[in-house]
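Let's take a walk through this one, starting with its open spaces and then moving on to how the chains meet and how the strands are laid out.

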Amino acid sequence: MVGMSEPCIGVLALQGAFREHRRALERCGARTVEVRRADQLNQIAGLVIPGGESTTIGKLLADWNLLEPLRERSRGGMPVYGSCAGLILLCTDIENSDQPRLGLLDATVRRNAFGRQRDSFEADLPLPEVGTEPFHAVFIRAPVLLRTGPDVRVLADVDGRPVAVRQGTLLATSFHPELTEDLRLHDYFLDMVRETPTRGQPS
Amino acid sequence: MEHGTIRLKTGLAEMLKGGVIMDVTTPEQARIAQEAGACAVMALERVPADIRAAGGVARMADPTVVKRIMDVVSIPVMAKARIGHFVEARILESLGVDYIDESEVLTPADDRFHIDKRDFRVPFVCGARNLGEALRRLAEGAAMIRTKGEPGTGNVVEAVRHIRMVQSEIRTLCSLPEDEVPAFAKDHGAPLDVALQVRHAGRLPVVNFAAGGIATPADAALMMQLGCDGIFVGSGIFKSADPARRAKAIVAATTHFNDCTVLAEVSRDLGEAMPGLEISRIARDERMQERGW
């Protein structure tokens, strides 16, 4: 039974693996709602931007006037977690691209950094922020960060390139915890939401 | 570090959900598709409507065509191999395409066997008209399923029939007493272990897209409301009067498939859709959906 006091987490549902994120969050005890329009941002205390195609999701964010309202909520303290495409959309700089983005995470990202689908891989990754057991990380046409700003804390890397980071109330991973049974990153994000004084709700 | 696992194969399909995969034949069309918000493109020499019109044997595209398209877009690129033609598939894999469609749009190369897809690092999508066909493809290693519909017709009726059939058979499978499941699997030509997996989950274990006849934003939303995970548009975009505009409208309709206000807005002033074909006018042996076993 999910209590009403649990924060409601929005999962951006324009395109991509939003169903898997909802399932993972709900298994952690959160209430979730799919977000497709700006007015739906008012009911949520945190937002997950799923994996998918970053150009597709970025264009839909721009076309449906979600970019600015989302930036406002994030700057107002609402925690946001982006995985894969979500990480790309959070970054201020995207290598070789002028695609629409939120530009909240002070970092430069390289898309498809490991290559094409045949280069996609799974690996056990040390991620001390969520525990001593390594995290089984699924990288699908995944990005890496080439540069991170001074306020960005690197939580995990592959060959020295950041693949999990946190900057204040922003969390981003270039892999897909929603495709595994490991709920630690979703739990970690829910803790970030619970620790936000206003719970990120608009005043 | 592991590559080519079933999780990576089905995982990429999960990332395509809620999106539109568009057939393109040139780098210019690929750019238009990406610009419109396509989540992937299918690189082809000819769209299904032209393949249908041309007749003769339809084969894998020239690698130059596929490569040129891969070079201009950042979204995933798919390409088609003939049913059973594992060498065409190996060639496409070596080119680095992100997904292979073992497709009835091309002329089958084997009249009994499909490609053993488990053996590849690249994932495969396959067409299905019913649950048995979908489960046989999954047993062979397909990581994504799509309805067959009737390609190149701009007529959505067959795609609707196929998704309804798959879902109706899943409902039946889930409602059967345990001891009747093996007979159900046998009757449908479905491997028992995959049938049990579907019965346990109440759905296919992979993403299921709509394909074969989608020509308008309303068609796309119809297929999404019927429970498809995303949309393939073959001839419907680049055989229409204003491809860029129609492509964008179909992307919006796929995202906002439950919002009639949005659907009304994006359906306006799109110009002529592709000319359609009445299915009954196509001789049975010319129907692409009959290909595959």
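Which element gives the largest share of the lining of the largest pocket? That would be α1(B), with six residues. Keep in mind throughout that this is a predicted model.

## The largest pocket

The largest pocket holds about 750 Å³ of space. It has 26 lining residues, and those closest to its centre are B:T10, B:E14, B:Q197, B:P205 and B:V206. Both chains have elements that give two or more residues to this lining: chain A has α1 (18–27), while chain B has α1 (6–16), α6 (131–139) and α9 (192–201).

As for the chemistry, the lining of the largest pocket splits into ten charged, nine nonpolar and seven polar residues.

## Cavities

Searching the whole structure turns up three cavities of 30 Å³ or more. The largest cavity comes to about 210 Å³. Its lining has 25 residues, and B:P48, B:P151, B:A211, B:G212 and B:G234 sit nearest the centre. In chain B, β5 (99–103), β7 (144–147), β9 (231–233) and α11 (235–238) each put at least two residues into that lining. By class, the lining of the largest cavity has ten polar, nine nonpolar and six charged residues.

The second largest cavity has a volume of about 160 Å³. Here 15 residues make the lining, with A:G52, A:E53, A:S54, A:N112 and A:R141 nearest the centre. At least two lining residues each come from α2 (54–63) and α4 (85–90) of chain A, and likewise from α1 of chain B. The lining of the second largest cavity counts seven nonpolar, five polar and three charged residues.

## Where the chains meet

How many residues of each chain are in contact with the other? The count is 45 for chain B and 37 for chain A. Between them the two chains bury about 3,300 Å², and 53% of that is on carbon and sulfur atoms. On the chain B side, B:R7, B:L8 and B:M15 supply 22% of the area buried against chain A, more than any other three residues.

## The seven-stranded sheet of chain A

Chain A has an open sheet of seven strands, in the order β2-β1-β3-β4-β12-β11-β10, with mixed pairing. At the edges are β2 (31–35) and β10 (153–158) of chain A, each paired on one side only. From one strand to the next, the twist averages 20°.

Look at the β2 end for some detail. Strand β1 (residues 8–12) of chain A runs parallel to β2(A), and five bridges join the two. In this pairing, A:V11 stands opposite A:E34 in β2(A).

A helix also lies across this part of chain A. Helix α5 (residues 184–195) of chain A crosses β1, β3 (46–49), β4 (80–83), β10, β11 (161–167) and β12 (170–173) of chain A, and it runs at about 165° to β12(A).

## The three-stranded sheet of chain A

Another open sheet in chain A has three strands in the order β5-β6-β9, again with mixed pairing. Its edge strands are β5 (91–94) and β9 (144–148) of chain A, each pairing on one side only. Neighbouring strands in this sheet are turned by 35° against each other on average, ignoring direction.

What joins β5(A) to strand β6 (residues 105–110) of chain A? Three bridges do, and the two strands run parallel. For A:D93, the bridge partner in β6(A) is A:T108.

Terms used: Residues numbered from 1 in each chain as written. Chains lettered and ligands numbered in written order. Predicted model: local features only at pLDDT ≥ 70, side-chain atom pairs only at ≥ 80, totals over all residues. Heavy atoms only, no water. 1 Å grid on protein atoms, 1.4 Å probe; cavity = no way out; pocket = protein on both sides within 12 Å on 5 of 7 lines; lining within 4 Å. Points joined across faces, edges and corners; volume = space filled by probe spheres on them. Helix = DSSP H or I, 4+ residues; strand = E, 2+ residues; numbered from the N terminus. Nonpolar A, V, L, I, M, F, W, Y, C, P; charged D, E, K, R; others polar. Pairing = 2+ DSSP bridges. Axes fitted to C-alpha atoms, helices over the stretch in contact; angles between N-to-C directions. Contact = heavy atoms within 4.5 Å. Buried area = accessible area lost by both parts, 1.4 Å probe.
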